Amino acid sequence: MIRKKEWEKSFKNVNGREPNEEDYEKALSLGLVREESSVPNSNKKTVLVLGTVIVSLLIFAIGILLTIFFYPSPKSSQASFASSTSQSSKKERESTDTGSSIDYKDSSKLSQEDQVKLEEGYKSIEL
């Protein structure tokens with residue numbers, strides 16, 4: 001199939017005259033000519049430009065989201081210092097809460113000699 005203008009030129013060369021509307025309808029029915037598109041070129045260009053802009057904005061937004069979610073966390077000395085300080089202060093608070101005595105429940109972690117001393121200490125307190 002060819003476009004209307006190309007068909008008109010070939011028709012003029014073959015027949016030696018300009019084609020009329022009847023000739024065009026006959027060529028359409030035989031499938032020799034392709035109908036003109038109903039969408040003008042300016043609309044196609046507008047759609048293409050808008051599509052390009054929207055796709056580029058989507059790619060930009062995806063790039064920002066990927067950067068936000070997958071950016072590595074900073075490894076500075078301040079961050080490690082803060083975590084070690086909080087752990088040491090937590091241990092200090094626990095040791096001041098319990099005092100210098102050790103609960104009988106935690107005796108399983110002690111050596112045999114320490115367990116004996118602890119049991120003797122509890123017995124002396126009970127008396």
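**Contacts around W7 and the helical fold**

Neighbours within four places in sequence set aside, W7 is in contact (heavy atoms within 4.5 Å) with I2, P19, D23, Y24, A27 and V33. The model behind this picture is predicted, so to speak of local features takes a pLDDT of at least 70 and side-chain atom pairs count only at pLDDT 80 or more, while totals for chains, interfaces and linings use all residues. Residues are numbered from 1 along each chain as its sequence is written, and side-chain values use heavy atoms, with hydrogens and water left out.

W7 also belongs to the largest nonpolar core, a set of 5 residues completed by F11, Y24, A27 and V33. Such a core is made of buried Ala, Val, Leu, Ile, Met, Phe, Trp, Tyr and Cys residues joined through side-chain atoms within 4.5 Å. Buried here stands for under 20% relative accessible area, exposed for over 50%, and partly exposed for what lies in between (1.4 Å probe, protein chains only). Two elements, α1 and α2 (21-30), each give two or more residues to this core. Helices are DSSP runs of H or I with at least four residues, strands are runs of E with at least two, and both are numbered from the N terminus.

Helix α1 covers residues 4-15 and includes K4. With a relative accessible area of 26%, K4 is partly exposed. Y24 sits 20 residues further along the chain, and the C-alpha atoms of K4 and Y24 are separated by 8.3 Å. The expected span of a helix is 1.5 Å times one less than its number of residues. For the 12 residues of α1 that comes to 16 Å, and the end C-alpha atoms are indeed 16 Å apart. Just past α1, G16 takes a positive phi of about 75°.

D23 belongs to helix α2. It counts as buried because its relative accessible area is 16%. Residues up to four places away in sequence aside, D23 touches W7, F11 and R17. With R17 there is a salt bridge between the side chains, at 3.0 Å from N to O; the term calls for a side-chain nitrogen of Lys or Arg within 4 Å of a carboxyl oxygen of Asp or Glu. The structure holds 1 salt bridge. R17 itself is partly exposed, at 39% relative accessibility.

Elsewhere, F60, I62, I64, L65, L66, I68, F69 and F70 form a nonpolar patch on the surface, with about 910 Å² of accessible area together. Patches take residues with over 30% relative accessible area and no salt bridge, joining like charges within 9 Å and nonpolar side chains (Val, Leu, Ile, Met, Phe, Trp, Tyr) within 5 Å. F60 lies in helix α3, which runs over residues 41-70, and counts as exposed at 57% relative accessibility.

Taken as a whole, the chain has 5 helices and 0 strands, in the order α-α-α-α-α along the sequence. Of its 127 residues, 8% are buried. Among contacts with a separation of 6 or more, 30% come from residues 24 or more positions apart. The chain exposes about 11,600 Å², with carbon and sulfur atoms supplying 59% of it; areas follow the Shrake-Rupley method with a 1.4 Å probe, and for residues only the protein chains shown count as cover.
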